[in-house]
Amino acid sequence: MRSLGDFLDSYLCLRRSLGAQMRDPEATLRRFVAFAKAEAACVITTDLALRFATDKANTSSATRAGRLGDVRRFAVFCSMTDSHTEIPPRGLFPERYRRCQPYIYSDDEITRIINAAARLPSPSGMRAATCAALFGLLASTGLRLGEAIGLDRDDVDLGSGLLAIRRAKFGKSRLVPMHDTTTSALARYERQRDQLLPRATSPAFFFNERGRRLTQWNARDSFALVSRAVGLRQPTKTRVGHGPRLHDMRHTLAARTLIGWYREGRDVERELPRLSAYLGHVHVADTYWYLEAVPELLSLASERTVRPPLPVQGVLP
C-alpha cells in the first residue's frame, strides 16, 4: 500500500507538470502528511483533514479554509487510486479573505529596523548583512518578500539600477527601477556577501549563513526579532508574535507614493495604473484598495472630489 508521502510526491509532480508552482501548498501538505503520521493515519478522512485544519489556535477561518482546500484537492488525487480516501466536502469554513489593515512605517521606524537587522547575531555575519540589505530593499521598492528573496545575481543590474522580477505572483514579470541610494546599498551588500562566503555556488542574490538562498521563514523570523528589538512587537510566548509585518513595507511605499501625488496636485486617477504596474498588481483595483485602507489617503481622495487636480506632470520615483 502506498504511503501518503508517496501519493504527495506524485501529486506535486503532476501539478507542477501542468504549470502550478505549488510552493505554499507543498508546505501545507508536507505538514499534513507529518500530522497524519503522528496520528497513525494512512488514509485521508474528513475527520483527519478537519483536525489538521484546526490544529493550531488563533488561526483565521480563511487560513483554515485554505488548509482544508489544499488537503481536499490532494484527497481528490488520492481517491483515484485509493477507494478508502474520503474527500472533505466544500464549505466547512467560510472562505472569504479579509485583508489585514496596513501598518504605515515612519522613516524613523524603517531606519531603526535596518540598523537593528545589521546587529543580528550570526556566526559569520551573513545573517545581519543579508537582513539589513533585504529589509532596506523592501522598504525602498515595495517588492513582495518572495520576489526579493527569489532574485538571482543575474536579476540585479547594479549598473543600470534595475531589478528583473521573473515569474512573480500570477506569473507576471517586470523590471523595477531602484533609487541610487538603494543601488549603492545593494552594491555594498554584494561586496560583503562575496567576502564572507567567497565559495558559495548558489545563484541567489540574498544568502543565508550557509551560502544558500534565504527563505521566507528565515526572513520573517529575523524580522520578528528585529521588531521586538525596536519596540514594534511585544515579547510573546510564540517565536514570531503579532505586529507590523514585512509586507507592510510594500503598503508603506504604495501609500506614501499616493499621498505624495495627492499633495503635489497630480491627477491620481491617471497616475494610478503606473503605480499598479510598478507594484506588479494584476488589476488596478488592487491598487485602489489603498485609498480605502489608509485613512489619510481616504481623506485626501475625498477632498479631491470637490477640488479639481492641478496640471502637474511627474514620474514615479
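Is T181 buried or exposed? With a relative accessible area of 53%, which lies over the 50% cut-off, T181 is exposed. This residue belongs to a predicted model, and the protein chain of that model has 13 helices and three strands. Of the 317 residues in the protein chain, 44% are buried, and among contacts with a separation of 6 or more, 59% are between residues 24 or more positions apart. The points below take up a pocket, the aromatic pairs, and then several single residues.

**T181 and the second largest pocket**

- T181 is found in helix α8, and its C-alpha atom is 9.8 Å from that of G161, although the two residues are 20 apart in sequence.
- T181 also has a place in the lining of the second largest pocket, where G136, A139, S140, T181 and T182 are the residues that lie nearest the centre, out of 29 lining residues.
- The elements that contribute two or more residues to this lining are α5 (107-117), α6 (126-141), α8 and α10 (247-264), and α6 gives the most, with nine residues.
- The space in the second largest pocket comes to about 790 Å³, and its lining is made up of 17 nonpolar, nine polar and three charged residues.
- As general background, empty space left between atoms is revealed by rolling over them a probe the size of a water molecule.

**Aromatic pairs and the charge over the rings**

- The model holds nine aromatic pairs, counted where ring centres lie within 6.5 Å.
- In one of them, the rings of Y189 and F206 have centres 5.4 Å apart and planes at 35°, so the pair is tilted, since this angle is neither under 30 degrees nor over 60.
- This pair links distant parts of the chain, with Y189 in helix α8 (residues 180-196) and F206 in the loop between α8 and α9 (216-229), 17 residues apart.
- Both partners are buried: Y189 has a relative accessible area of 2%, while F206 stands at 0% relative accessibility.
- F206 also pairs with F205, their ring centres being 5.1 Å apart and their planes at 90°, so this pair is edge-to-face; F205 is buried, as F206 is.
- R193 lies over the face of F205, at 5.0 Å from the ring centre, and the charged end of R193 also sits over the ring of F207, 5.3 Å from the centre of that ring.
- Elsewhere among the ring pairs, Y11, F74 and F77 are linked into a cluster.

**R212, in the loop between α8 and α9**

- R212 lies in the loop between α8 and α9, and with a relative accessible area of 52% R212 is exposed.
- Apart from neighbours within four places in sequence, R212 is in contact with S202, F206 and F207, so that the exposed R212 touches the buried F206 described above.
- R212 and T201 are eleven residues apart in sequence, and their C-alpha atoms are 8.1 Å apart in space.

**R127 and R188, in helices α6 and α8**

- R127 is found in helix α6, and although R127 and N208 are 81 residues apart in sequence, their C-alpha atoms are 5.9 Å apart in space.
- Once the neighbours within four places in sequence are left aside, the residues in contact with R127 are L120, P121, S122, E209, D221, S222 and L225.
- R188 has its place in helix α8, and at 47% relative accessibility R188 counts as partly exposed, a value that falls between the 20% and 50% cut-offs.
- The C-alpha atoms of R188 and A133 are separated by 8.9 Å, while the two residues are 55 apart along the chain.

**A40 and its backbone angle**

- What is the phi of A40 near? Phi of A40 is near 60°, a positive value in a residue other than glycine.
- For context, most residues other than glycine have a negative phi.
- A40 lies in the loop between α2 (23-38) and α3 (46-53), and at 72% relative accessibility A40 counts as exposed.

Terms used
Residues numbered from 1 in each chain as written. Predicted model: local features only at pLDDT ≥ 70, side-chain atom pairs only at ≥ 80, totals over all residues. Heavy atoms only, no water. Phe/Tyr/Trp six-rings, centres within 6.5 Å; stacked < 30°, edge-to-face > 60°. Helix = DSSP H or I, 4+ residues; strand = E, 2+ residues; numbered from the N terminus. Buried < 20%, exposed > 50% of the residue type's maximum accessible area, 1.4 Å probe, protein only. Lys NZ or Arg CZ within 6 Å of the ring centre and 35° of its normal. 1 Å grid on protein atoms, 1.4 Å probe; cavity = no way out; pocket = protein on both sides within 12 Å on 5 of 7 lines; lining within 4 Å. Points joined across faces, edges and corners; volume = space filled by probe spheres on them. Nonpolar A, V, L, I, M, F, W, Y, C, P; charged D, E, K, R; others polar. Contact = heavy atoms within 4.5 Å.
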